[in-house]
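This report introduces a structure to a reader who has not met it before. Please look through the sequence and the model before reading on.

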Amino acid sequence: MKKPPSEEPDERLTVTPPKKWAVGVPAVTHALEYSLEETSVPRAGVTLLTVNQVDGIDCPGCAWADPSPGHRHRNEYCENGAKHINDEATSRRITADFFRRHPVSELGRRSDLWLNQQGRLTEPVVKRPHSDHYEPISWHDALQLLSGELQSLDSPDEAVFYTSGRVSNEAAFLLQLFARAFGTNNLPDCSNMCHESSGFALHETLGTGKGTVSLQDIHHADLIFVVGQNPGSNHPRQLSALEQAKLNGARIIAVNPLPEAGLLRFRNPQKVRGVVGNGVRIADRFLQIRIGGDLALFQGLNRLLLEAEDARPGTVLDHDFIRSGTSGFEAFSQHARTIAWEDILSATGLSRGEIEAVGDEVLRSRRIIVCWAMGVTQQKHAVPTVREIVNFLLMRGNIGRAGAGACPVRGHSNVQGDRTMGIWERMPDSFLDALQREFGFEPPRAHGLDSVSSIRAMLESRIKVFLGVAGNFVRAAPDSAVTEEAMRQCRLTAHVSTKLNRSHTVCGRTALILPTLGRTEVDIQCGGEQFVTVENSMSEVHTSRGRLKPASKLLLSEVAILCRLARRTLAGKADIPWERFEADYGTIRERISHVVPGLHDFSRRVARPGGIRLPNPVNEGVFATSVGKALFTCNAWEMPHAPEGHLLLQTLRSHDQWNTIPYTNDDRYRGIRGSRRVVLVDPTDLAELGLAEGQHVDLVSVWDDDAERRAEDFEVVPYPTARGCAAAYYPETNVLVPLDSVADISNQPTSKGIVVRLEPSGTGPDPTMSNSGR
Ligand SMILES: Nc1nc2c(c(=O)[nH]1)N[C@H]1C(S)=C(S)[C@@H](COP(=O)(O)OP(=O)(O)OC[C@H]3O[C@@H](n4cnc5c(=O)[nH]c(N)nc54)[C@H](O)[C@@H]3O)O[C@H]1N2
Ligand SMILES: Nc1nc2c(c(=O)[nH]1)N[C@H]1C(S)=C(S)[C@@H](COP(=O)(O)OP(=O)(O)OC[C@H]3O[C@@H](n4cnc5c(=O)[nH]c(N)nc54)[C@H](O)[C@@H]3O)O[C@H]1N2
Ligand SMILES: [Mo]
């Protein structure tokens, strides 16, 4: 067993120019280095070779789709997927004496990186009231304790059940079934903080919360927008698809405040050409947009399209489609013409010429796809922005046909599947009706709490029990100091986890850690070896089968934990065969197939190579919106405003982290090594603010309340970002995002577009008086 590091790394910041290309030999070597650091040669090899193969492990890296069977590479994973796999397959273990040596108060002061490096959790542990240590507890006693607390609540709505998108379809279905049979819709999930805004906007305008494109569509598009995403680090396999599209003649437009490496040039590690040559240039145009400017950009493009149609009637818009398939065009087209160019230019920071050049490309392109991720969704006006993207696509009929459509690029490998399985605090009645028919109990109908409202309810002591299945709620959520206080109000906090993280150190009166099997591990139940299923960003459902020996004999699968908990807690309240579910996951899929449309004959069909593609009604010309057609919407112009002396901050991922978990202190493509406490600012802005490279500053966010939110001691790095903008890593900066700062309509935290000022460190008020979060 590899020994975990006992001390925090002692490193210093070094900065080199950002890379102009992504992936290639250094990336692969880098992945292998990380693998061997964490695990052994055979373990690394076995796991990596089965990743994303038919009947192999679904890569927990991201939700990008796999090529069809027969078109997959021997190594169908990317550098970062390899890191995520090996982070789970590590041979480091947290054993019983670890918690004897490390009190919870000490663990709370450790970095996210250090906590994760301690290795896999191996047995259930409990922290009892007034104790500062976790101690071993049997599964029987742990589940008894948890179900006892749940049963003692005055109302089922005093519990919340959080999930993160690594959870399989089977476990997700059981979790929501348990929560609803218990009597609550309190099912917050990571999606509330991720693509919630996309879901709201797409539901309203297209009648589906999901993207409408397949990998084939990407390969055959004429023009692809990549808006607010960093695929080189976060969806590396998307680059292979973009490369393929380019070879087929597509043009690509990157819209981003940062010149991200993968957007500029891509060396495909799967091809000899990629390994030796300069790779393929990905973006034909790079629009260096100001943070929060995307709504205005699409408003500008839409205005240009309307004017082009005026000039050459009948040649620009898809009138047939607009007439037969959509509603609201007239009102939209009138409103769109009222958006002033000066507003568009000030919000985007782009020139009119740049936007017009893109408009010309649009006019030349028959099939257009817009891809987007967190740069779009984590903004106050994210919902109108996505709606405006839909307007843009609808105008030329780029919805529901080959090579065209909307592509919200999902993050967690099964975040979309979890929603399909009913993990949502506001599932529609059609789903709840189906659940009722199948299981014979009356599910609660009132909407439950999402992530932000759960925090508020915990603060007000309206929530007594928090159960997290995967994820790291405390670090994923905004306003870290407030969220931590909220968690501490709970009577019981419990987490089903593979690895130690900060959420385990911020405890309710009693706290439990319930260790579980990861996706890489063999899952054997009474009914034999089991597999699970997941759904990717393109609605393809397929199997994932672990290969490795479990990290400890004491681990239970997520399914087993949920079945045992439900059996104890519900005690026959509903007629649900939890024991059979635990023994044979096929019986869970059988019941899923009766509840979720499109999954009939689930177990058999999903086991076929390539799995099942869930139907998207939009692609059959069906729009399940309020009026039965796709909706054009009128969206007011809006932009985030930073007063003089302030910047708009985005909190983003480095190349070497998985969400809340840094793997190293480096961000290789951006040329940053040795420290994550850096803030990237344009050199001209730095000069105007009177700040110098390498200076230490506190980031202080500005919000309409009395609290001061301060993230201390960041080093200033001059970086070619858009003017007036800054970037720093999540989760170190979550302390700056006020709980009340959410996207309109979707209630998603605004992790991008936060107004901050940079104060030289040591000049602010006494740090013990502020919400400073390390
Ligand atoms: N290696 C790795 N892979 C991951 C993850 C990970 O942590 N590590 N996380 C997974 C998850 S859950 C998710 S949701 C995805 C996230 O994938 P991304 O959305 O790529 O994640 P972020 O790092 O938040 O990057 C946001 C991007 O948007 C840009 N941006 C910021 N503000 C704006 C804006 O106002 N307009 C525009 N146009 N661009 C803007 C930023 O410069 C950055 O390039 O990745 C998934 N994949
Ligand atoms: N400021 C800011 N905040 C953000 C974001 C941002 O860009 N900026 N991004 C938001 C987004 S897009 C997301 S998706 C959320 C992410 O929020 P989460 O999904 O809650 O966070 P993760 O970091 O993915 O969770 C990591 C933990 O999951 C557990 N885990 C890993 N694999 C498994 C498994 O197979 N089973 C179980 N049971 N546990 C497992 C491990 O214990 C690990 O420590 O954060 C959000 N918060
Ligand atoms: Mo995400």
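The buried residues of helix H3 are Glu79, Asn80, Gly81, Ala82, Lys83, His84, Ile85, Asn86, Asp87 and Glu88. Since 10 of the 10 residues of H3 (residues 79-88) are buried, this helix is largely enclosed by the rest of the structure. Buried denotes under 20% relative accessible area, exposed over 50%, and partly exposed the range in between, with a 1.4 Å probe and protein chains only. Helices (H or I, at least four residues) and strands (E, at least two) are DSSP runs numbered from the N terminus.

The model is predicted: local features need pLDDT of at least 70, side-chain atom pairs count only at pLDDT 80 or more, and totals for chains, interfaces and linings use all residues. Residues are numbered from 1 along each chain as its sequence is written, chains are lettered from A and ligands numbered from 1 in the order in which they are written, and side-chain values use heavy atoms, leaving out hydrogens and water.

Arg110 lies in the loop between helix H5 (104-107) and helix H6 (112-117). Arg110 counts as buried because its relative accessibility is 13%. Leaving aside residues up to four places away in sequence, Arg110 touches Ser6, Glu8, His102, Leu115 and Arg502, where contact means heavy atoms within 4.5 Å.

The whole structure contains 0 disulfides, a disulfide being a pair of cysteine sulfur atoms within 2.5 Å. Cys490 is in no disulfide, and the nearest cysteine sulfur, that of Cys507, is 11 Å away. Cys490 counts as buried, at 2% relative accessibility, whereas Cys634 is partly exposed, with a relative accessible area of 40%.

Ligand 2 is surrounded by 30 residues, and the closest are Tyr162, Ser164, Ala476, Glu558 and Thr660; a residue is counted if one of its heavy atoms lies within 4 Å of the ligand. The table lists polar contacts of this ligand, which are pairs of N or O atoms within 3.5 Å.

| Ligand 2 atom | Partner | Distance |
|---|---|---|
| oxygen | polar backbone atom of Lys499 | 2.8 Å |
| oxygen | side-chain N or O atom of Trp658 | 3.0 Å |
| nitrogen | side-chain N or O atom of Asn734 | 2.8 Å |

The protein covers 97% of the 930 Å² of accessible area that ligand 2 has on its own; accessible areas come from the Shrake-Rupley method with a 1.4 Å probe.

An unreviewed UniProt entry places the feature "domain: Molybdopterin dinucleotide-binding" at residues 647-753; such annotations may be inferred rather than shown by experiment. Over residues 647-753, the chain is 7% helix and 36% strand, and the end C-alpha atoms are 9 Å apart.

Notes
Polar contact = N/O pair within 3.5 Å; in protein donor to acceptor, adjacent residues only side chain to side chain.
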